[in-house]
Amino acid sequence: MRTSSVADRNARNRAPQRRPDPVRRVAYQVIRQVTAEGGYANLALNKALRDARLGGRDAAFCTELVHGTLRWQGTYDAFLARCVSRPLADLDPELLDVLRLGTHQLLNMRVDSYAAVDEMVTLTRSELGQKRTGLVNAVLRKISQRSLDQWISTTAPHPDDDPLGYLAIAEAHPRWVIESFDRALTAGPGAAPPGEAANELERLLVADNEPPRVTLVARPGLADVDELVAAGAVAARWSPYGAVLDGGGDPGRIAAVATGRAGVQDEGSQLVAIALASAKVDGDHANWLDLCAGPGGKSALLAALVQDGQLTAVEPLKHRAELVRQNLRAIPGNHKVLVGDGTKPTWPEGSFDRVLADVPCSGLGALRRRPEARWRRTPEDVEELRPLQEALLDSAITSVRPGGVVAYVTCSPHPDETRAVVDAVLGRRDDAILEDARPLFPGVPDLGDGPDVQLWPHLHGTDAMYLALIRRSF
């Protein structure tokens with residue numbers, strides 16, 4: 001009997017191990033690049049899909065595995081902490097990523113529980129070794145015993161006792177981010193009416209967790225929306241140059257995008273650039289400046305909009321300046337790309353008619369597109385960026401001529417990156433005034449009392465872009 005048992009065991013050991021699902025393996029490897037190496041999910045995923053030659057349903061499945069796991073990371077960690085006998089910080093990071101990936105399949109995807117656990121055990125054996133499989137199997141089986149709603153109800157604080165703490169778990173956002181959104185919704189531009197802020201906050205968080213649509217821009221004079229619609233897109237709601245690929249897909253397959261006559265650009269990003277180009281300026285208005293240009297999406301739209309004029313695009317990092325040049329490659333005209341520090345102008349004061357200051361920010365307005373950012377950013381990041389934002393806005397006002405306009409733009413609704421910056425800079429100057437920007441967004445609803453504008457994912461379907469329009473008076 002003993003001999004037979006040993007023989008059976010040896011036979012099992014000699015049997016070929018089942019290979020992991022290649023799509024899940026790619027997803028896991030991308031997640032490791034993001035969590036261990038500080039990579040960006042969209043860049044790492046796009047490269048991995050190309051290298052693995054994944055397309056169609058496999059590419060869509062892999063994308064959801066990656067983005068969903070990263071988006072819900074904090075919430076899944078709260079659940080996993082209840083299923084592991086030691087602190088999650090004591091787990092090897094690569095093991096924790098496997099558990100997060102498995103949890104996403106079990107709670108937020110239509111994957112059979114047995115298949116999800118089995119596939120993750122197989123992946124663990126291949127990537128991390130046999131001895132890790134037991135823990136993965138046991139923990140994921142515990143996770144599978146409850147639904148997402150049941151895990152939330154047993155892990156999150158009661159919404160009546162701690163509404164923001166509940167939302168942090170239920171909608172997978174760090175509490176500090178939720179608090180900043182709450183401040184913006186109650187006191188910022190477009191603030192919700194009293195009594196409705198809580199509902200608006202939940203709607204915003206839900207919208208933040210929905211994968212964004214691919215939005216295109218037809219660069220004026222080079223392409224039009226009809227061409228994009230003929231290629232399978234749908235006209236955008238408010239941007240006269242925008243179109244949406246409703247069914248997803250690779251925008252590079254569209255001829256206008258491949259040749260640079262059109263590009264990928266969120267509708268909110270388009271609207272703030274169009275607003276600057278549409279603002280009334282007396283006299284000359286053909287010399288424009290993009291003070292923080294990389295990677296160049298807004299630069300390309302502005303360059304296409306300036307007629308018989310010139311755009312100067314400034315970017316401090318050489319590789320991002322090259323991206324700006326690539327975005328401008330199809331735009332006719334003598335446009336310039338300068339590698340330099342926007343806070344230290346190399347041009348005379350008052351050189352430009354219109355200036356865009358799309359300043360570096362926390363990016364909290366684009367969490368739909370950057371699922372890892374919500375867990376990577378910290379309140380300290382906002383605090384550290386504030387001096388640079390103020391310096392860039394101050395430089396932008398100095399760079400514009402009297403009567404010219406500046407658009408101060410952030411892809412963040414955080415009050416410390418929006419109105420607080422504008423108020424601080426204008427409080428130190430007597431040569432600039434804040435103007436009502438709302439008329440520059442024709443047809444766009446829910447813009448509040450102004451004078452600045454805050455766009456929102458849940459209200460406008462755009463990134464949470466902020467714009468303040470400032471005119472230099474003398």
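Two strands are said to pair if DSSP finds at least two bridges between them. With that term in hand, the tour of this predicted model can begin.

**First stop: a four-stranded sheet**

Select residues 214-218, which form strand S1, together with residues 242-245, which form strand S3. These two strands run antiparallel and are joined by 4 bridges. To see one such bridge, display Thr 215 and look for its partner in S3, Val 244.

Now widen the selection to the whole sheet. It is an open sheet of 4 strands in the order S2-S3-S1-S4, and the pairing is antiparallel. Which strands stand at the edges? They are S2 (234-235) and S4 (262-264); each has a single partner strand, so one side of each is left without a neighbour in the sheet.

**Second stop: the domains**

Next, colour the protein chain by its domain assignment, which gives domain 1 (22-149), domain 2 (156-209), domain 3 (214-264) and domain 4 (267-472). Keep domain 2 and domain 4 in view; their C-alpha centres lie 27 Å apart. The contact between these two takes 21 residues from domain 2 and 25 residues from domain 4.

**Third stop: where domain 2 meets domain 4**

The size of an interface is often given as the accessible area lost when the parts come together. Between domain 2 and domain 4 the buried area is about 1,900 Å², and carbon and sulfur atoms give 66% of it. On the side of domain 2, select Trp 176, Pro 189 and Asp 208: these residues lose the most area to domain 4, together 34% of what that side buries.

Then show the side chains of Arg 183 and Asp 416, which meet in a salt bridge at 3.3 Å, N to O. The count of salt bridges between domain 2 and domain 4 is 1. Across this interface there are also 8 residue pairs in polar contact. Helix H11 (175-187) and helix H12 (197-208) each supply at least two residues of the side of domain 2 that touches domain 4. Of that side, H11 gives the most, with 8 residues.

**Last stop: strand S9**

Finally, select residues 400-410, strand S9. Is this strand mostly covered or mostly uncovered? Strand S9 is mostly covered, with 9 of its 11 residues buried.

Add strand S8 (residues 352-358), which runs parallel to S9 and is joined to it by 6 bridges. Here Arg 354 has Val 405 of S9 as its bridge partner. Then add strand S12 (residues 466-472), which pairs with S9 in the antiparallel sense over 6 bridges. In this pairing, Ala 407 stands opposite Leu 469 of S12.

Definitions and conventions
Residues numbered from 1 in each chain as written. Predicted model: local features only at pLDDT ≥ 70, side-chain atom pairs only at ≥ 80, totals over all residues. Heavy atoms only, no water. Buried < 20%, exposed > 50% of the residue type's maximum accessible area, 1.4 Å probe, protein only. Domains from an automatic or database assignment. Contact = heavy atoms within 4.5 Å. Buried area = accessible area lost by both parts, 1.4 Å probe. Salt bridge = Lys/Arg side-chain N within 4 Å of Asp/Glu carboxyl O. Polar contact = N/O pair within 3.5 Å; in protein donor to acceptor, adjacent residues only side chain to side chain.
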